[in-house]
Structure formats: structure tokens, C-alpha cells
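I have the chain open on one screen and my notebook on the other. These are my entries, in the order I looked things up.

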Amino acid sequence: MRVLIEDYKYQAADVTDILHGINALENIEGYVSLNYVGYFYNTELKDCVFILPKVLLEIKDKKDLVFGKYLPEDILNIDNNKAITQTEKNFIYEFAVWIYRAIVVFQNSHKDSNIVYHKKIIKVSKGGRKLSNTFLDILQALLQFNKDNQSFFFFVLRNLHSGYNKINWTSTIGTSSAIVQDNRPVYLNPVNKKRQINFDEELLVIFFSTLNYISEHYGFSADISCNLDLIKGKQFETYLNGLGKVRLQQIKYKYFSDKALELWDLCYAFFDTARQVRTNDTQQEYLLVKNFNIVFETIIDELIGDKEIPKGLKEQEDGKRVDHMYTYKGLTTYEEDKPIYYIGDSKYYKHGNPIGKESVYKQFTYARNVIQWNLNLFMSDNRCDEELQYDKKNFGNIPKLRDDVTEGYNIIPNFFISARLNKELSYKEEIEIANRNHTDFCNRQFENRLFDRDTLLVCHYDVNFLYVVSLYARNNKIQKDAWKAKVREMFRAEIQKILSEKFDFYTMSAHPDVNAETYIRKHFQEILGKIYTPYSNREIFSLALEKDDKYVMDNDSLLDELRKHFYVEKCGIGENLERIIVEGANKDYKTIISSSTTNVLTGVVHKADKDYSIFFKHHASIYTMQKIPSVNLMDVEYFLPMVDGCINGYYKVEKLYFATYKDNGIDYPCLKLKLSEYIKVGNEWVNIIMRSGEVISINDILRMYESEKSDL
């Protein structure tokens, strides 16, 4: 087997004999560079030649090296190269077949493509001229038959050997004399059953001899689990040169089972095709694809993209064409019914090549065009524009990217995806942020404004080339759909991770006495591009602040101001608000919903009380109220302790019950509160004037706290 690498510059003298019969090659200053990937059978060398993708190359010390170790010209004939390991050889054999299969799948689904060059051997049959399978197809079929039919081989071999070497008593008694010993005849020369010519065995010998040849000559792994005397060396050469075909024709009508007939057909196809490609220079076959980057783009689009994309998005009006697009839930929301368009661009590079500035600029342009298309969908109603009306009807479920209240823009997920060879040469599923100097790119007009139309982010991922090629080549719809769903969630999570490294995200909801829209209009410039409404609940906002040290003071100042009018809690991007409610992250969001309900019981903790310290440190778990208040205790959910006349937060009440306490040996009734989480309303303690045993609302607490704090 001979191996060439796409786009590598070979010295013409090194590859002239290997490229015998293949024209359409580009000669540059004594070099030959192949812009093809695929397979052809070299009739002069009588060997398979594979042109493998340049993804195998890694740039090291300004040299293109296969696996980062070998010069491509050193592995032209891998069978004669002793430096390359057996593991690496086995990988190349298997990888070549996967590439071949991927091209076949591409050709079958793109029959009108002009980048595939395919020629099969023409042979003559009783029905006239017809195209045969390629030689590689036949090799694969033989190998697959061996894998799938081990039980068939075992059954045939067991029947073949049953009864051999048993004594043929009829022949023994009739042809030899016996010696009588102890009144018993003893035969010194018994006659054994003789083996007859068995055509089942001969067919298996031919089949396993063929597998042995395929394994030795082409390197394919073939498990030969039999003890038959195989045909090898010069003898097998005579089979290749015509004897194999003749002998199979002689024993053809000895078989009746379906499996045996199938095996005969496979063996005959092998020797028939091998005979043609070995003896006739004109019977060349090949399957080559020019510009393999188009195939790689098709593979990625098949595995991650959507087929139903608005015409103006995939083929954009400025002449640009987007490689991959699909709809999936947005980055800033957890809600499934809030999808957004993801934009992808596949990059078919040698490992180590950087993303060019032109490519980055195009991705930003794609995103701008998507934003404008989305706005036109909602803002324009031109009845004469058939394309617009079609998009409104079929793609109107995509939410508007701009929030009219905050005038913030949703984040457009945008990414590059390039091929990378797994270091262990494994076909395992693998996708990760590219290991390059620049893994993400940002374009913006204003600092610290994530939710701005001109703030655009592009991430860069590497995908295991081996995995995606093998998945595409298997052409299993269930497997492809399963990976598509998985990889989309992976892309979303990785982009969110990058954003979380650059920004802090908060959830905001206005105080009951604050009109959010009025506040936003009044303070528009301070919060423009920083807040957005990604949720169905339009009263809850997402706030994003950049983490860079130079923004710390401005961000803290903005948060302090916003907290006077909004409940502001830190949360992850796209985090489920319901989960925050359940887990009670720092502040109970039930209070946001029902902050005006009177459900907070007040109590006093004096400085002289023994539990003063634990209340001051917010570690209290029990509060005893010696005088039972005459209020409706059924509504109490929270407890506000006035610690030495001051407050800075309140507790959740886990349980409320009646008990007794002792005073001078006498039991008196009391009210006990089992406390759980402490919810701070501020960092400072502020003094208030209030009685113990009252029931107030959380809104009252916040109002008193802010009022007294402003007087400090």
C-alpha cells in the first residue's frame, strides 16, 4: 500500500511511479502537489494508493510532519518503512478505509457534484458490459464477511473433520490378517477412513488464503481462525494471475447453501477484479475528490447543521455564504422555547495553522446580517416581499434579538470548528476549545457592554477529525442525530463558559414600589448594553458586567445603585431561575414575588441576652419569645431580629411552635421559632424604632433599612 498526503509538495522524482495513470496534477518548480483525497489502483505497481487528508500533518520546526514525526516522502511505502510503528501502520490502513467510505457517502448524496472523480472497472458478463465494484469495495466485503460469519466457519470445519482417522472395519477385516490373542483378534495394520476431496474445505482454503494475502500485502487486520494449509507466496501469485478464477469456476456448482454461495461470489469477485487490474493497464480504477475542504464542510454541516434555514441567512444578500447554521436555545436563557441562530464556520487546516483575520471578519459580518434579518422579520411588513412573508410564516418562532425595554441585544453564538487529529490516534468522541494562541475573538464599539449590537464574540473549537469522519462514513441516521443533539449542547456550554470567564452575570427584579421601565428610561445611559430581558417573565432582567480590574469601581458603584431599586442576585449565564428560587441563592426570590405580604414577625435581642453574640454573627437557630404576641401567627414565614435595636437582615422560619420556659422554678408558656437561612438586606447595621411581636412585610423591612441607612 502506498500513501500520499494532500497538498504536500513532493519532489516529482519521488512520486512519478506512484502517480502512474493519474493526470490532473499540479507541477510547481519540480514539485508535485496533490489537491486530491481518495484512492486509486496503480496498475504499474499493482498496488493501492491512498491520498490522505492534510490533517495528518503537523507543523513542527517549520516542517510538515505526519503525526508530527515523519516526513511524508519517508512513508510513501509504509510497508518498507521500519521507523513507523505497527500501531501507526494499522492506523493508516484503517484511516484510509474511513476516508474512502466518507467519499462514497458524499458522492451518493451529491450525485451532481463536480469535485468527485470516479472510475470503476468495466467487465463483460453474459448480460453485456457492466461496472464492477472497486477493488477496495471487494477487500472490505471479504474482511466484513470474515467478521460476521465465524459461526459459519466453525460449523463447516467441525463437519469436515468429524469421523476422520476412525478405523474402517470393513476394509480392515477384508484386506488384512488378524492375530488371535486371548481369544480376541488383533489387527496390526488397521485401515483408517480416507479423506476425500472436500469442496467446502477448498473454498475456505481459498477464502482464508485471500485474507492472508490482503493482510500481508495491504496491511488490513484479518483474524484467520483456522488450521488449514493456506496458499501463499508464489503459489498464490498464480491464483492472482488467473488460476484462482479458473478454479472457482470449476467448483462453482458444488455449493448450495446461501452462505457458501455468498462466499464463492466474494472470492470470485476478488480474483476476477485482481486479474483485470494486474494484467490490463487500461483497467484502472479510482475514487478521488478534489478540494476535500468541501467534503469536510459537508460532514460538519451534516452532523451539526439544520437543513431548513431562511434563504437570506444561509445565502446572505451581500454574497456571503454561511457554512453552518442551526437553531438552539439561547445562551442567556434556560427556556427551550427561546431558540436563537448559531453560526458556524468549518476550517480545514493543517494542525497548528492560525485563523486568518479575513475569516474572523467574515464571521462578525455573518452575525450582523443575522441581527438585521431578525429585526426585519419583526419591524417590516412589506406584503410584496414574498421572501419576507415566507420567513414570517415559517421562521416566526425565533424571538426578537432586541429587547425594546432595555434596547439590549441578545448574544449571537458564533464559532469556528476545525479538524484535529487525536494524539492517541483514537476515534473517540472529542471536542474542545482550540489549543491555539487565540481561542476566541471579540469585536465591539463600547467597553463593558455585552448586550450591545456591536459586541460580537467568535469562539474556536477543535473536533476530533477521526470521530466525525467515521460517524459520517457509517451513515447511520440515529447515531448522527444523537451526536447532533449532544454536540449542540456542548457548543452552548463551552461558549457560556468563555462568557462566564469574561463577565459576571446577575438576575434583577424591581422592588414592588419601583417601575422598572421608568427607571430604565431615566438611567438609560448607565445601563445601556449591560442589561437584557432573556426570560418569558419580562419583569426579570439579566445584567452582565465585565470582570476586568479596570471596571471594578464602576461595576460596584452601578450594583450599589441598582440594589436600591432592584433585587440583584448573582447567577450563572442561562441558569434556571426556578432552580435559584428552590435553592434560595443568597436571597429568597419568593420575597420578590410576595414582598408586600405581611409575613415577618419582629423580635428583640438585647445586648445582655446570652444569645446576643450568635444573633449578631447571624448564626442563630432558635429564638424564644416569652410573651406570645396577639397576631395571626399562621402567616409568619420570616423573623426579623432587632439586635440591640439594629437590623441588617432577617431569617427564614423553618418551624414555629408553642413551648414553656422556667422562671424561678415555674413553667411559663412561650413561642419558639426554629430559624434557618439568614437573608441580608445590607452590610451595615442600621438602628430602627419598632416593637417586638409585630407582623410586617419584607417591603417594610427594605423601606426602613434604606431610609435609616440614608440618614447615616
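Which residues does Asn-369 touch, not counting residues up to four places away in sequence? I listed Leu-313, Gln-316 and Asp-318. This is a predicted model, so I keep that in mind throughout.

**Entry 1: Asn-369**

I placed Asn-369 in helix 11. I then checked its exposure: at a relative accessible area of 24%, Asn-369 is partly exposed, because buried means under 20%. I also took a C-alpha to C-alpha distance, and Asn-369 and Glu-317 come out 8.6 Å apart in space, with their positions 52 residues apart in sequence.

**Entry 2: two more residues of helix 11**

I moved on to Ile-371, which lies in helix 11. Is Ile-371 buried or exposed? I found a relative accessible area of 3%, so Ile-371 is buried. Leaving out residues up to four places away in sequence, I noted that Ile-371 touches Leu-401, Tyr-409, Ile-412, Arg-453 and Leu-456. For one of these, Tyr-409, I have the C-alpha separation from Ile-371: 8.9 Å, for residues 38 apart in sequence.

Asn-374 has its place in helix 11 too. I expected to think about its side chain, so I looked up accessibility and got 1%, which counts as buried. Beyond its neighbours within four places in sequence, Asn-374 is in contact with Ile-398, Pro-399, Lys-400 and Leu-401. Leu-401 is thus a contact of Asn-374 and also a contact of Ile-371.

**Entry 3: helix 12**

Which residues of helix 12 are buried? In this helix, residues 386-395, I wrote down Leu-388, Gln-389, Asp-391 and Phe-395. I then followed what they pack against, and found strand 16 (339-347) and helix 11 (357-379). So helix 11 came back into my notes from the other side, as a packing partner of helix 12's buried residues.

**Entry 4: helices 13 and 14**

At what angle do helix 13 and helix 14 pack? I noted about 140° for helix 13 (residues 465-474) against helix 14 (residues 477-502), with the axes 8 Å apart. Their crossing is left-handed. On the helix 13 side, the contact is made by Tyr-467, Val-468, Leu-471 and Arg-474, and on the helix 14 side by Gln-479, Lys-480 and Trp-483. I sorted the residues of this contact by type and got 4 nonpolar, 1 polar and 2 charged.

**Entry 5: Glu-44**

I went back towards the start of the chain and found Glu-44 in the loop between strand 5 (36-42) and strand 6 (47-52). Glu-44 is partly exposed, at a relative accessible area of 47%. Not counting residues up to four places away in sequence, Glu-44 touches Asp-17 and His-20. The C-alpha atoms of Glu-44 and Asp-17 are 7.8 Å apart, for residues 27 apart along the chain.

**Entry 6: positive phi values**

Most residues other than glycine have a negative phi, and I went looking for exceptions. His-618 has a positive phi, near 65°, and is found in the loop between helix 20 (612-616) and strand 26 (622-625). Asp-644 also has a positive phi, near 55°. I located Asp-644 in the loop between strand 27 and strand 28 (646-647), where it is partly exposed at 39% relative accessible area.

**Entry 7: the whole chain**

I counted 21 helices and 32 strands in the secondary structure. Of the 712 residues, 50% count as buried. Among contacts between residues at least 6 apart in sequence, 70% join residues at least 24 apart.

Which residues have the most contacts inside the largest nonpolar core? I noted Leu-4, Phe-67, Phe-91, Phe-270 and Phe-465, in a core of 161 residues. Helix 2 (residues 86-109) gives the most to this core, with 13 residues.

**Entry 8: confidence**

I closed with pLDDT. The mean for the protein is 82, and 87% of its residues reach 70 or more. Among the elements, strand 27 (residues 638-643) has the highest mean, 95, and strand 11 (residues 128-131) the lowest, 38.

Over residues 121-132, pLDDT stays under 50, and the model has 23 contacts there beyond four places in sequence. Over residues 581-594, pLDDT also stays under 50, with 26 such contacts in the model. Where pLDDT is low, the predicted coordinates should not be read in detail.

Methods
Residues numbered from 1 in each chain as written. Predicted model: local features only at pLDDT ≥ 70, side-chain atom pairs only at ≥ 80, totals over all residues. Heavy atoms only, no water. Axes fitted to C-alpha atoms, helices over the stretch in contact; angles between N-to-C directions. Helix = DSSP H or I, 4+ residues; strand = E, 2+ residues; numbered from the N terminus. Left-handed = near helix turned anticlockwise from the far one by under 90°. Contact = heavy atoms within 4.5 Å. Nonpolar A, V, L, I, M, F, W, Y, C, P; charged D, E, K, R; others polar. pLDDT = per-residue confidence, 0-100. Core = buried A, V, L, I, M, F, W, Y, C linked by side-chain atoms within 4.5 Å. Buried < 20%, exposed > 50% of the residue type's maximum accessible area, 1.4 Å probe, protein only.
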